[in-house]
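Reader: I have a sequence and a 3D model open in front of me. Can you show me how to read its features, step by step?

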Amino acid sequence: MELSSAGFHVLHILALLQVQVAAWPVEESPHLPLVRKITDVLHRIRVNTCAAHNLRVFISTDYEHLDEKEATLVRCVLDYSLSREELPVVLASQLSPELSVRVRLQLLFVQSPAQAIAACSALEIKGMYLIVWLTSQPEVSVQRSGMSQIFAHFLHRLYNLNVLLLLAHMERSTLQPFAFLPYTAGSCANTEPVELPQREWRLREMFPYRLSNMHGCPLSVIVWPIAPYMNLHWEQPRGVDQVDGLDGLLLRIMASRMNFTIQLLPNEPPELVGGSSYLNGTMTGAYRMLLDRRANLTLSSAVTGTIDDLPPVLQFVGFNEACQPAAAWQTVDKSFQLNYNPKPLLDLLENRLWRTCIYKENVGSNY
């Protein structure tokens with residue numbers, strides 16, 4: 001079913017919650033002040049960010065991990081939100097792979113840092129995250145340590161800086177927004193929580209650009225020699241002077257524009273061009289190093305292969321549904337290679353190929 005409001009799609013409604021909205025005891029809840037504060041913030045986010053930018057929203061209805069009073073509060077929040085205004089969203093306990101490419105904002109209710117980390121890892125998508133942490137923890141130092149754990153997971157494991165955390169204290173009925181600033185003039189890869197002022201919660205108030213100036217912080221880059229793209233001069237003391245060639249120049253431009261320090265790492269083994277990713281999950285070279293989080297990035301113009309090499313590459317970038325089940329991929333493969341029909345392959349990849357997406361939005365432009 002489709003709704004025109006803000007271009008959202010209503011894909012699962014209240015049946016997934018296994019209760020009726022009218023049956024939720026909103027007025028009887030002892031946490032009504034906190035419910036109203038959370039609802040007010042969600043309303044502003046819905047109007048000023050979601051509707052303004054046509055962002056589809058996923059709300060997790062997986063409440064099995066919450067205690068009863070926390071689960072009741074979440075139901076009350078959704079009751080207020082859904083009855084206060086028309087709010088087309090995706091409501092489900094899990095986000096299916098085919099919907100993950102359509103959703104841009106994930107709303108999660110958790111009771112601990114461990115639950116937040118597990119929920120975000122299970123989603124396996126980038127996007128933007130709004131996490132409501134329902135806590136009764138009285139110690140501020142414990143709260144800050146927990147938030148830092150969540151932010152560290154986003155920075156070091158998910159490579160995602162787009163997270164806003166609402167600390168909702170069950171006993172005090174307070175709601176405090178927090179984010180983190182990983183790169184500043186005084187720190188690098190910092191995950192300490194920073195409290196934000198109450199705002200209208202427009203998109204860039206929630207998720208500001210955090211990589212436009214990295215203040216000289218180091219980024220580790222996997223490289224290998226392959227002329228004319230990448231020439232290496234390990235004898236030079238500075239990373240920016242250790243590379244030249246087409247890719248080397250691109251890396252130096254990136255470092256200059258984003259103000260980060262180049263920290264080169266040789267591929268393993270050093271002369272290996274790129275790496276390999278196999279259907280059984282094993283990887284070599286730069287792929288393995290990136291998966292193990294031993295480096296931040298790699299780049300190379302020397303990427304070659306055939307359609308037979310696509311499945312492991314797609315899996316590596318998180319597009320697992322393109323290769324499952326195996327029979328479905330074989331149908332696409334045979335259509336392309338035996339029948340010379342590229343349409344099934346293009347239909348599969350069009351939402352994942354950046355240039356294709358840009359072209360579709362700007363039909364008639366020259367690229």
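Author: Start with one side chain. Arg144 has a relative accessibility of 30%, so Arg144 counts as partly exposed. Keep in mind that this is a predicted model.

Reader: Which residue forms a salt bridge with Arg144?

Author: The general idea comes first. Side chains of opposite charge can pair when their charged atoms come close. Here the partner of Arg144 is Glu192, with the closest N and O atoms 4.0 Å apart. The pair links distant parts of the chain. Glu192 is in the loop between β8 (187-188) and β9 (193-195). Arg144 is in helix α5 (residues 140-157). The two are 48 residues apart. Glu192 is partly exposed too, at 40% relative accessibility.

Reader: How many salt bridges does a search of the whole structure find?

Author: Eight. One of them joins Arg75 and Glu68, at 3.7 Å from N to O. Compare the accessibility of the two partners. Glu68 has a relative accessible area of 55%, and exposed means over 50%, so Glu68 is exposed. Arg75 has 22%, which makes Arg75 partly exposed.

Reader: Which residues are linked in a network of salt bridges?

Author: Glu268, Arg288, Asp292 and Arg294. Look at one link in that network. Arg294 and Asp292 form a salt bridge, and their closest N and O atoms are 3.5 Å apart. Arg294 is partly exposed at 36%. Asp292 is partly exposed as well, at 34%.

Reader: Now aromatic rings. How do I describe a pair?

Author: A pair of aromatic rings is described by the distance of the centres and the angle of the planes. This structure holds two aromatic pairs. One is Tyr129 with Phe154. Their centres are 5.2 Å apart, with 75° between the planes. That pair is edge-to-face.

Reader: Where in the chain are Tyr129 and Phe154?

Author: Tyr129 is in strand β4 (residues 128-135). Phe154 is in helix α5. The pair links distant parts of the chain, 25 residues apart. Both Tyr129 and Phe154 are buried.

Reader: Why is the pair of Phe151 and Phe180 stacked?

Author: Check the angle. The planes of Phe151 and Phe180 are at 20°, and planes under 30 degrees apart count as stacked, so this pair is stacked. The ring centres are 4.9 Å apart. Phe151 is in helix α5, and Phe180 is in strand β6 (residues 174-180). This pair also links distant parts of the chain, 29 residues apart. Phe151 is buried, with 0% relative accessibility. Phe180 is buried at 0% too.

Reader: Which charged residues sit over a ring?

Author: Find the ring, then look over its face. Arg204 lies over the face of Tyr209, at 4.1 Å from the ring centre. The charged end of Arg293 sits over the ring of Tyr159, 4.5 Å from its centre.

Reader: Back to helix α5. Is Gln143 buried or exposed?

Author: Gln143 belongs to helix α5. Its relative accessible area is 4%, so Gln143 is buried. Now look for a polar partner. A polar atom of the Gln143 side chain lies 2.7 Å from the backbone oxygen of Gln137. Leave aside neighbours within four places in sequence, and Gln143 is in contact with residues including Trp133, Leu167, His169 and Arg172.

Reader: What about a buried residue in a strand?

Author: Try Ser60 in strand β1 (residues 57-60). Ser60 has a relative accessible area of 12%, and buried means under 20%, so Ser60 is buried. Beyond its neighbours within four places in sequence, Ser60 is in contact with Ala92, Ser93, Leu107 and Leu108.

Reader: Last, the sheet. In what order do its three strands come?

Author: Strands of a sheet pair through backbone hydrogen bonds, either parallel or antiparallel. Here three strands form an open sheet in the order β13-β10-β14, and the pairing is parallel. β13 (261-266) and β14 (297-298) stand at the edges. Each has a single partner strand, so one side of each is left without a neighbour in the sheet.

Reader: How many bridges pair β10 and β13?

Author: Six, in the parallel sense. Strand β10 covers residues 218-223. Trace one bridge yourself: Ile222 has Leu265 in β13 as its bridge partner.

Methods: Residues numbered from 1 in each chain as written. Predicted model: local features only at pLDDT ≥ 70, side-chain atom pairs only at ≥ 80, totals over all residues. Heavy atoms only, no water. Pairing = 2+ DSSP bridges. Helix = DSSP H or I, 4+ residues; strand = E, 2+ residues; numbered from the N terminus. Salt bridge = Lys/Arg side-chain N within 4 Å of Asp/Glu carboxyl O. Buried < 20%, exposed > 50% of the residue type's maximum accessible area, 1.4 Å probe, protein only. Polar contact = N/O pair within 3.5 Å; in protein donor to acceptor, adjacent residues only side chain to side chain. Contact = heavy atoms within 4.5 Å. Phe/Tyr/Trp six-rings, centres within 6.5 Å; stacked < 30°, edge-to-face > 60°. Lys NZ or Arg CZ within 6 Å of the ring centre and 35° of its normal.
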